[in-house]
Amino acid sequence: MAAPLRSLVEDYPRYLQAFQLFLERSSEHQCMREFIQKTLPEILSSIGAGKDTLNVMGVGSGAGEMDLEMLGQLHLLYPDAKVDNEVVEPSGDMVYRYKVLVSKTPDLDHITFRFNTMTASEFEENWKQRNTDKKMDFIHMIQMLYYVNDPEATVTFFRSLLNKDGKLLILLVSGDSGWSRLWRTYKQELCNTDISQCVTTGDIRKFLDAKGIPYSKYTLPSQMDISECFSPGDERGELLLDFLTETKDFSKNASPELKAGVLQLLKHPECSREEDGRVMFNNNLEALVLDP
């Protein structure tokens, strides 16, 4: 009998290793940077008129690479404004990496960083205890709603913190990505953990539509080379399979039927396409932008 499947997130070193390989094999960060440089400035062009200080919040900021990219664009838009930047990130390791990145990055004197090493729900409690009426001009939640118990409640709370001209940016895998097809097909087997949710922008849009909350949406085309997943025993392929299924040692612990089904689905045209003999997984992302 196959061993019970454990979430990859429970083994942080292996998760980090798998995530780094994912970034190497995918165009994820490239497509995010393109969005930040080409599209985000227009989105943020109305948030800072006449303000001396801009209040920014990153929720699930990781090691801060994308935060600093966005803060750089904000500075180009509002060169005279100071920035008060709240960072919410539960991983102490990631907060440390973020601080190191800040220390090595020039021209950040206009930014005050406040690091909150806690989950989004812990931060919500902390914020309420602060009893503050402070409002945010820009809140971003990049690839983090998978890791909250209630994505809808999380979006509702952080949207409530927006200033009247503020913007909330949510970035997740798209509802038409290979991830979505994989999760829809194997939700029961792969999405049964409290730590991680199989959620796409399609799910968030359903919630927003039901509540009558308007939003703008932007597609970020992205792909990932998963060819090594189909070479039995390939160490990198097994690591990528762990990342795709969010399962620790998926190849060893999944039943033969589940493993065969997942591998077959990953080659399905709704998940991937073949290009020059490589299997390229549809890693499309979608950005949703909400007003208060």
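Student: How much space lies in the largest cavity?
Tutor: About 40 Å³. Keep in mind that this is a predicted model.

Student: How many cavities of 30 Å³ or more does the structure hold?
Tutor: The structure holds 1.

Student: Which residues line the largest cavity?
Tutor: Met32, Phe35 and Ile36 do, along with Met66 and Met70. Ile142, Leu169 and Leu171 complete the lining.

Student: How does that lining divide into nonpolar, polar and charged?
Tutor: There are 8 nonpolar residues, no polar ones and no charged ones.

Student: Which elements each supply at least two residues of the lining?
Tutor: Two helices and a strand: α2 (28-38), α4 (65-77) and β5 (162-173).

Student: Which gives the most?
Tutor: α2, with 3 residues.

Student: Switching to cysteines. How many disulfides does the count come to?
Tutor: The count is 0. A disulfide needs two cysteine sulfur atoms within 2.5 Å.

Student: Take Cys31. Where is the closest cysteine sulfur?
Tutor: In Cys271, 18 Å from the sulfur of Cys31. That is too far, so no bond forms between them in the model.

Student: And for Cys271, which cysteine has the closest sulfur?
Tutor: Cys229, at 12 Å. Again, the sulfurs are too far apart for a bond.

Student: Is Cys31 buried or exposed?
Tutor: Buried, because its relative accessibility is 9% and the cut-off for buried is under 20%.

Student: What about Cys271, buried or exposed?
Tutor: Cys271 is buried too, with a relative accessible area of 0%.

Terms used: Residues are numbered from 1 along each chain as its sequence is written. This is a predicted model: local features need pLDDT of at least 70, side-chain atom pairs count only at pLDDT 80 or more; totals for chains, interfaces and linings use all residues. Side-chain values use heavy atoms; hydrogens and water are left out. On a 1 Å grid over the protein atoms alone, a cavity is a set of points where a 1.4 Å probe fits but cannot get out, and a pocket is an open set with protein on both sides within 12 Å along at least five of seven lines; lining residues have an atom within 4 Å of a point. Grid points are joined across faces, edges and corners, and a volume is the space filled by probe spheres set on the points. Helices (H or I, at least four residues) and strands (E, at least two) are DSSP runs, numbered from the N terminus. Ala, Val, Leu, Ile, Met, Phe, Trp, Tyr, Cys and Pro count as nonpolar, Asp, Glu, Lys and Arg as charged, and the others, Gly among them, as polar. Buried means under 20% relative accessible area, exposed over 50%, partly exposed in between (1.4 Å probe, protein chains only).
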